[in-house]
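Here is a short report on one helix, its surroundings and the cavity beside it. Start with the sequence and the model, then read on.

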Amino acid sequence: MAVKVYIVYYSMYGHVERLACEIFLGANSVNGVEATLWQVPETLTEEELVRLGAPPKSDVPIINQIKLPEADGFIFGFPTRFGMMASQFMAFLDSTQFLWIAQMLAQKPAGIFYSTSSQGDGQETAPLTAITQLAHHGMIFVPIGYTFGPGMFEMSEVKGGSPYGAGTYTGDGSRKPTVLELDQAFHQGKYIATIAKKFKEDTHPIFNLDNRGY
């Protein structure tokens, strides 16, 4: 049975979605892994999105919270607002209370990726503060650390991302993810998919949804 990795994201201007697509390719490059792209629901009105200059949404399907337990691992992505995850993604997580009560997402590995407008807007604070969401669900945060190798130390060009996960800078919106940032995103997808696969292969029979003691 394939290992299911869900890449769940919110993207207003397409930067996070571009990273998500590369993460999807990286995850699917792992033998035995089936990655799926999902968007979280938009909370802004169509009028407000037009005012903000947001392009139309892609055809990536919108996820329902009830589908989350089907996955063996997650990679969550979002833009930042004031150094933290965008409210659209927070609203989605806020709606998973029934999963939290039953700890339906516990023991599942999860990674994080993100975008910021500049170097001081949350490349580390956004994923750091997002870890609290994973902790309450009992998920296991999987950072990429410095496994990306020399690319983590690149100083000749502006590069998003951190040991927490892949990232990009948007600037005024015109900047797009660079080749190096996309390579890091691919690496993250492959890295976390490999770990999710190992988790599933090594899970002891007592650790399943029917034996949680409550």
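## Helix H5 and its surroundings

In this predicted model, helix H5 spans residues 125-137, and its buried residues are Ala126, Pro127, Ala130, Gln133, Leu134 and His137. Why do they sit on the same side of H5? They cover an arc of only 95 degrees around the axis, which puts them on the same side of the helix. The general rule behind such a pattern is simple: an α-helix has 3.6 residues a turn, so residues three or four places apart point the same way.

The opposite face looks outward. Ala135 and His136 are exposed there, on the face of H5 turned away from its buried side. Just after H5 comes Gly138, with a positive phi of about 80 degrees.

What covers the buried residues of H5? The cover includes both strands and helices, as listed here.

| Element covering H5 | Residues |
|---|---|
| Strand E3 | 73-81 |
| Strand E4 | 84-85 |
| Helix H3 | 87-94 |
| Helix H4 | 97-101 |
| Strand E5 | 109-116 |
| Strand E6 | 140-141 |

## The cavity

A search of the whole structure finds 1 cavity of 30 Å³ or more. The volume of the largest cavity is about 30 Å³. Its lining consists of Phe76, Phe78, Met85, Phe89, Leu93, Ile112, Ala130, Gln133 and Leu134. Of these, Ala130, Gln133 and Leu134 are also among the buried residues of H5.

Which element gives the largest share of this lining? H5 does, with 3 residues. At least two lining residues come from each of E3, H3 and H5. By class, the lining has 8 nonpolar residues, 1 polar residue and no charged residues.

## The whole protein

The protein has 6 helices and 7 strands. Along the sequence they follow the pattern β-α-β-α-β-β-α-α-β-α-β-β-α. The radius of gyration is 17 Å, close to the 17 Å that the globule rule gives for 214 residues, so the protein is as compact as a globular protein of that length. Taken along the principal axes, the C-alpha atoms fill a box of roughly 50 × 45 × 30 Å.

How much of the protein is buried? Buried residues make up 48% of the 214 residues. Contacts reach far along the chain. Among contacts with a separation of 6 or more, 75% join residues 24 or more positions apart.

Note on methods:
Residues numbered from 1 in each chain as written. Predicted model: local features only at pLDDT ≥ 70, side-chain atom pairs only at ≥ 80, totals over all residues. Heavy atoms only, no water. Buried < 20%, exposed > 50% of the residue type's maximum accessible area, 1.4 Å probe, protein only. Helix = DSSP H or I, 4+ residues; strand = E, 2+ residues; numbered from the N terminus. Arc of directions from axis to C-beta. Contact = heavy atoms within 4.5 Å. 1 Å grid on protein atoms, 1.4 Å probe; cavity = no way out; pocket = protein on both sides within 12 Å on 5 of 7 lines; lining within 4 Å. Points joined across faces, edges and corners; volume = space filled by probe spheres on them. Nonpolar A, V, L, I, M, F, W, Y, C, P; charged D, E, K, R; others polar. Rg over C-alpha atoms; globule rule 2.2 N^0.38 Å.
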